[in-house]
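Here is a quick walk through a two-chain model, written for someone who would rather look at the structure than at a table. Keep the viewer open as you read.

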Amino acid sequence: MRVQMSRVRVDDILELDLAEPARTGAQVVLRPVGGRTAPLRGRRMRTWVGGRRAYVDLRWEPLTEGTWAVRWSEPGRSSRQMWTDDPCYDLAARREYAARPSRREVAALRAPDGRLLVRVRRVRPYAEVREVEVRDATVRITGFLAHTAPPDTSTAAELLVRQRDRATAFAFPAGLAQEVFRCAVPLPPLARAHAHDRPHNEWDLWLRVPGRERGYRLRALCDDIVGKKGRVAFPTTAVRTDSGAVDLRPYFTAADGLSLLGTGAGPRPPSGGGAED
Amino acid sequence: MRITFLIGDVHGMGGTIRSTVSLAGGLAQRHRVQIVSLARGAARPFFPVDPRVRLRSLTDSRAWAGRPEPSRRIRELELRPATLVPPTEARRSAVFNAATEEALCAFLARARTDVVVATRPGLNSLLALLGSDHYLRIGQEHLNLRQQTEDIRDHIRRHHARLDGLTVLTDADRRDYAALLDRPEGWAITMPNPLPDARYPRSRLVNPVIATAGRLIPVKQYPVLVQAFARVAAAHPEWQLRVYGHGPQRGRIRAMADELGLHGRVVLMGRTRDVTGEFAKASLVALSSRQEGFGMTIVEAFAVGVPVVSFDCPHGPRELIEPGRDGLLVPDQDVDALGAGLLRLVEDAAERQRMGAAAREKARRFRVDHVVRRWEEYLVERLG
């Protein structure tokens, strides 16, 4: 069975536009792909079918984490793989999905050969980065809280900038209106705290919300680019300090977390060209 | 029919390799097909090859780290230049040297095949000079005549008329060849690159993504595309330019994005095996090339229902894009016009949808079964 549209709505219903009318009693079966611990048998899912539209309930079924092949089963016939014309990527829909509290994410995927898949994975709350701007020795970041409920009212949050493998940390004010946060990191304090005995200083960014025990790591996970390191780059700002110049720039880590990288740029450069400490 | 394709190295990545692999797979449905590489550069081909197609390599490339130890004689020969290919062609492609020339000479003398199809000017020259009249000798032009340097054009003028036929990618190029070589009507034919047989997705045309794909080399002018994209980025900060491919111009593209403050908006995605799958996530595809041999990127965008905005450069885009119907052609090398064309389609979702539907319809004519049929007709006619 071929489908023209396949998406998982925010309420974890898989919505399908079928290329041909469905027969009465048709049902979707999910069969695990890969993974040695996955059960071998497929799971029959609650399916509502009307004409060329089908809805599959992925909310309550105890689907284990992993990837599932979506198959179409009709009475009296063995199930067959479903193929999709849909690229299964809609950035706005993904952001809407991530903005709701959840510990589990269900997504429809299209394999390169066209097979329709469903991926289930456990998620943790984090701070999704939407924009990063580097200007005037300051890094400005906007984004939203993902997979967690926003605070009831607008609140003053904090951006925690923590030096990796060291105790040094700075906190800068951050605005939080509903789930949307805005913050700015001035680079000179980081440059002054640069540990010149290390070739690189990494600073990891966390959003701290009053009344919440854990901070939210800043990451960019909503789009389809897995592995932004080396693909997305930000400009370097040279900051002069009494102990020498430091180059600082935002970067994405291997796990798509947003961090800042400081590099000792050697002796203090002549005046002009860099940001004043 | 027994059909042999001659290629530099089928294990690499590039437009000629991809289209040869697709065409060979299509022809293998009814014919015995083999692809012969002059020099093998990897253990396995980058593009999946139809199992019915036989792969054969005449030598192992010096550039292949895992190649079996060659004999002393081969090692000496491969340090010597090829003598029968134009110097520029030998410099462009590392597969040409005295060892590969000797191996090809032996192969062509003994080949038991009905047709040999060579896939680049140097191979066309070798086929014309060393091939036998026991089989049909067909050359292919995967760029266009005007893109070739003077020494290659001179070689073509002096030797390629000996071939039994030539396929080019555009009508414009066919006219150029007709003016250069005194050959009868029908000797050269326009034969588009085929769209591989696959299930193609269809873009929803909703994501704020402009995509492009190709090797990051000067002729593609990706820094120019970044300049044009700046106009979109200024008005629509959500939009992103994704560049798929790798190559020596990566640093220049990055530098242009930084210079224009487009960090985070220009993403260098690296190479992908699933170009159409990636294009299907985009809403527009853009081309900024100085020249194109054909414009396979355009056909791939059309296959997934994405309109294309391109310079009206020689030769491919003009023969593929119908302006206002399935994309936009802007005056050649006019960066402002390219930016304006992108902006127009970014801001008009309804026009994108209409053009996307027309583009998908047009892509049908490049399906591999259509192209295979045209090849069969051409080869039967030439054999006759």
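## Where the chains meet

Bear in mind that this is a predicted model. The contact between the chains is built from 20 residues of chain B and 19 residues of chain A. On the chain B side, the elements that give two or more residues are α9 (250-259) and β10 (266-270). Strand β10(B) has the largest share there, with 4 residues. Sorted by class, that side of chain B has 7 nonpolar, 6 polar and 7 charged residues.

For a residue to click on, try A:Y89. You'll find A:Y89 in the loop between β9 (83-84) and α1 (91-98) of chain A. Is A:Y89 buried or exposed? A:Y89 counts as buried, because 25 C-beta neighbours fall inside 10 Å, and the cut-off for buried is 20 or more. Setting aside neighbours within four places in sequence, A:Y89 is in contact with A:D224 and also with B:N207 and B:K281. A:R46, on the other hand, sits 24 Å from A:Y89, C-alpha to C-alpha, with their positions 43 residues apart in sequence.

## The six-stranded sheet of chain B

Chain B has an open sheet of 6 strands, in the order β10-β9-β8-β11-β12-β13, with parallel pairing. The edge strands are β10 and β13 (327-330), and each of them pairs on one side only. On average, neighbouring strands in this sheet are turned by 20° against each other, direction ignored.

Now zoom in on two of the pairings. β8 (209-213) and β9 (240-244) of chain B run parallel and share 5 bridges; within this pair, B:T212 has B:V243 of β9(B) as its bridge partner. On to the next pair: β9(B) and β10(B) are also parallel, over 4 bridges, and here B:Y244 stands opposite B:G270 in β10(B). To get from β9(B) to β10(B), the chain passes through α9(B), and this β-α-β crossover is right-handed. Both α9(B) and β10(B) turned up earlier, on the side of chain B that touches chain A.

## The seven-stranded sheet of chain B

A second open sheet in chain B has 7 strands in the order β3-β2-β1-β4-β5-β6-β7, and its pairing is parallel. Which strands stand at the edges? They are β3 (54-57) and β7 of chain B; each has a single partner strand, so one side of each lacks a neighbour in the sheet. The twist from one strand to the next averages 20°.

At the β7 end, β6(B) and β7(B) run parallel and are joined by 3 bridges. One partnership to look for is B:L166 with B:A188 in β7(B).

## A helix with a buried side

Helix α7 (171-180) of chain B has B:D173, B:R174 and B:D176 buried. These residues lie on the same side of α7(B), because they cover an arc of only 160° around the axis. Among the elements that cover them are β6 (165-168) and β7 (188-190) of chain B. Turn the helix around, and the face away from the buried side carries the exposed residues B:D171 and B:A179.

## A strand residue in chain A

A:L261 belongs to strand β21 (258-264) of chain A. With 16 other C-beta atoms within 10 Å, A:L261 is partly exposed. Leaving out neighbours within four places in sequence, the contacts of A:L261 are A:H200, A:E202, A:L248, A:R249 and A:Y251. A:F234 lies 27 residues from A:L261 along the chain, and their C-alpha atoms are separated by 11 Å.

## Backbone oddities to check

A cis peptide bond joins B:P314 and B:H315, with omega about -5°. B:H315 is in the loop between β12 (308-311) and α12 (316-320) of chain B.

Two residues that are not glycines have a positive phi: A:D12, at about 60°, and B:Q333, at about 65°. A:D12 sits in the loop between β1 (2-8) and β2 (13-18) of chain A and is partly exposed, with 19 other C-beta atoms within 10 Å. B:Q333 is in the loop between β13 and α13 (335-347) of chain B. Its 14 C-beta neighbours inside 10 Å make B:Q333 partly exposed.

Technical notes
Residues numbered from 1 in each chain as written. Chains lettered and ligands numbered in written order. Predicted model: local features only at pLDDT ≥ 70, side-chain atom pairs only at ≥ 80, totals over all residues. Contact = placed C-beta atoms within 7 Å. Nonpolar A, V, L, I, M, F, W, Y, C, P; charged D, E, K, R; others polar. Buried ≥ 20, exposed ≤ 12 C-beta atoms within 10 Å, placed from the backbone. Pairing = 2+ DSSP bridges. Axes fitted to C-alpha atoms, helices over the stretch in contact; angles between N-to-C directions. Arc of directions from axis to C-beta. Right-handed = clockwise from strand over helix to strand, strands pointing away.
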